[in-house]
Amino acid sequence: MSKKTKTELENNKLNKKLRHAVGDAINDFNMIENGDKIMVCLSGGKDSYALLDILRQLQASAPIEFELVAVNLDQKQPGFPEHVLPDYLESIGVPYKIVEEDTYSVVKRVLEEGKTTCSLCSRLRRGILYRTAKELGCTKIALGHHRDDILGTLFLNMFYGGKLKAMPPKLVSDNGEHIVIRPLAYVKEKDLIRYAELKQFPIIPCNLCGSQPNLQRQVIREMLVDWDKRFPGRIESMFSALQNVVPSHLADIELFDFAGLQKGQKLKHGGDLAFDRETLPQRFPSQDEDEESTPQTETKKVINILASKPKP
Ligand code: SF4
């Protein structure tokens with residue numbers, strides 16, 4: 001097999017794998033419904049480019065109709081290349097809106113030199129994006145966070161926040177007006193890195209604001225990358241744990257009625273295994289080992305869900 005053919009095959013496989021993972025997440029969380037207008041938040045980073053790209057592919061094959069509109073918030077950071085996103089979006093023919101708001105100056109003015117800027121900056125950004133979604137009549141807001149962002153948030157909250165809390169694939173905004181979705185929830189970051197190289201997305205650097213990177217998040221990210229290399233399957237197992245929560249075997253009295261436990265009640269989740277040796281699998285199957293998929297199987301689940309909803 002020629003080198004070119006081999007590369008093409010690998011690229012197709014990666015593309016299928018991403019469509020499959022995004023389709024599964026959309027299906028599992030009922031993220032997209034017939035008639036939705038989805039605002040895809042585009043930062044210029046690899047994740048949001050991939051998000052838009054995969055959603056467009058699914059839009060073309062799904063038997064329901066939904067609209068996509070790409071939105072970028074130009075926060076007026078020095079050196080922000082204003083032409084890059086409009087040029088790209090024009091070239092692929094996606095409806096889009098660039099919102100210009102100088103949050104950079106606001107953050108610089110309000111916060112003292114040396115203070116962390118991200119918290120205020122992201123709060124301002126969130127408010128602007130919610131407002132924009134309303135103006136555009138969007139029913140959903142899609143963000144480009146991926147599986148490793150979700151796990152990273154879980155560890156950040158455990159290590160520094162004293163909470164068993166990650167980042168939800170789907171949520172309602174604080175004011176109750178918007179549904180936010182994360183269709184890349186099942187996608188590995190390393191696949192997004194490869195995909196961005198393959199598609200040659202015109203990446204805009206994320207350090208234009210001059211802010212220090214979030215060191216705690218960076219440390220956790222490196223920890224996850226290291227585990228992934230040394231213990232294949234561990235990351236998959238941890239993400240799976242987020243989908244297999246056993247409240248009766250944690251210690252949250254709000255989540256489970258420990259006070260009301262009575263003798264003779266039915267066993268909960270296998271009862272108390274504290275004195276037993278649990279049987280643990282040697283290894284959690286990695287997503288890479290999934291059975292070979294076809295374009296049909298990739299979108300099948302999402303299509304089934306979406307198709308079951310009648311068109312208005
Ligand atoms: S890195 Fe810069 S642009 Fe991003 S949230 Fe922080 S301050 Fe805002």
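What follows is a chat between two people about a predicted model.

Colleague: What makes S1 and S2 a pair?

Modeller: Two strands count as paired from at least two bridges. Strand S1 (residues 37-41) and strand S2 (residues 67-74) have 5 bridges, in the parallel sense, so they qualify as a pair. One of these bridges joins Val 40 to Ala 70 in S2.

Colleague: And how does the chain get from S1 to S2, and why is that crossover called right-handed?

Modeller: The chain goes through helix H2 (residues 46-61), and this β-α-β crossover is right-handed. The word applies because, with the strands pointing away from you, the path from the first strand over the helix to the second runs clockwise.

Colleague: Which elements make the β-α-β unit that continues from S2?

Modeller: S2, helix H3 (residues 84-92) and S3 do, and that unit is right-handed too. S2 and strand S3 (residues 96-100) are paired in the parallel sense over 5 bridges. In S3, Asn 72 has Ile 98 as its bridge partner, while Leu 73 has Val 99.

Colleague: Why is the whole sheet called mixed and open?

Modeller: The sheet has 6 strands in the order S3-S2-S1-S4-S6-S5, it is open, and its pairing is mixed. S3 and strand S5 (170-172) are the edges: each has a single partner strand, so one side of each lacks a neighbour in the sheet. On average, neighbouring strands are turned by 25 degrees against each other, direction ignored. As for mixed, S1 and S2 run in the parallel sense, but S5 and strand S6 (residues 179-181) pair in the antiparallel sense over 3 bridges. There, Lys 170 sits opposite Ile 181 in S6.

Colleague: How do you know that H4 and H5 meet, and which residues do it?

Modeller: For a contact, the C-beta atoms, placed from the backbone, have to lie within 7 Å. Thr 103, Val 106, Val 107 and Val 110 in H4 meet Leu 120, Cys 121, Leu 124 and Arg 125 in H5. By class that gives 6 nonpolar, 1 polar and 1 charged. Helix H4 (residues 103-110) and helix H5 (residues 118-136) pack at about 140 degrees with their axes 10 Å apart, and their crossing is right-handed.

Colleague: What makes a residue part of the shell around the ligand, and which ones are in it?

Modeller: The C-beta atom, placed from the backbone, must lie within 6 Å. The ligand is surrounded by Thr 117, Cys 118, Cys 121, Ser 122, Cys 209 and Ser 211. Cysteine counts as nonpolar here, and the shell comes out as 3 nonpolar, 3 polar and no charged residues.

Definitions and conventions:
Residues are numbered from 1 along each chain as its sequence is written. This is a predicted model: local features need pLDDT of at least 70, side-chain atom pairs count only at pLDDT 80 or more; totals for chains, interfaces and linings use all residues. Helices (H or I, at least four residues) and strands (E, at least two) are DSSP runs, numbered from the N terminus. Axes are lines fitted to C-alpha atoms, for helices over the stretch in contact, and angles run from 0 to 180 degrees between N-to-C directions. A crossing is left-handed if the near helix is turned anticlockwise from the far one by less than a right angle, and right-handed if clockwise. Two residues are in contact if their C-beta atoms, placed from the backbone, lie within 7 Å.
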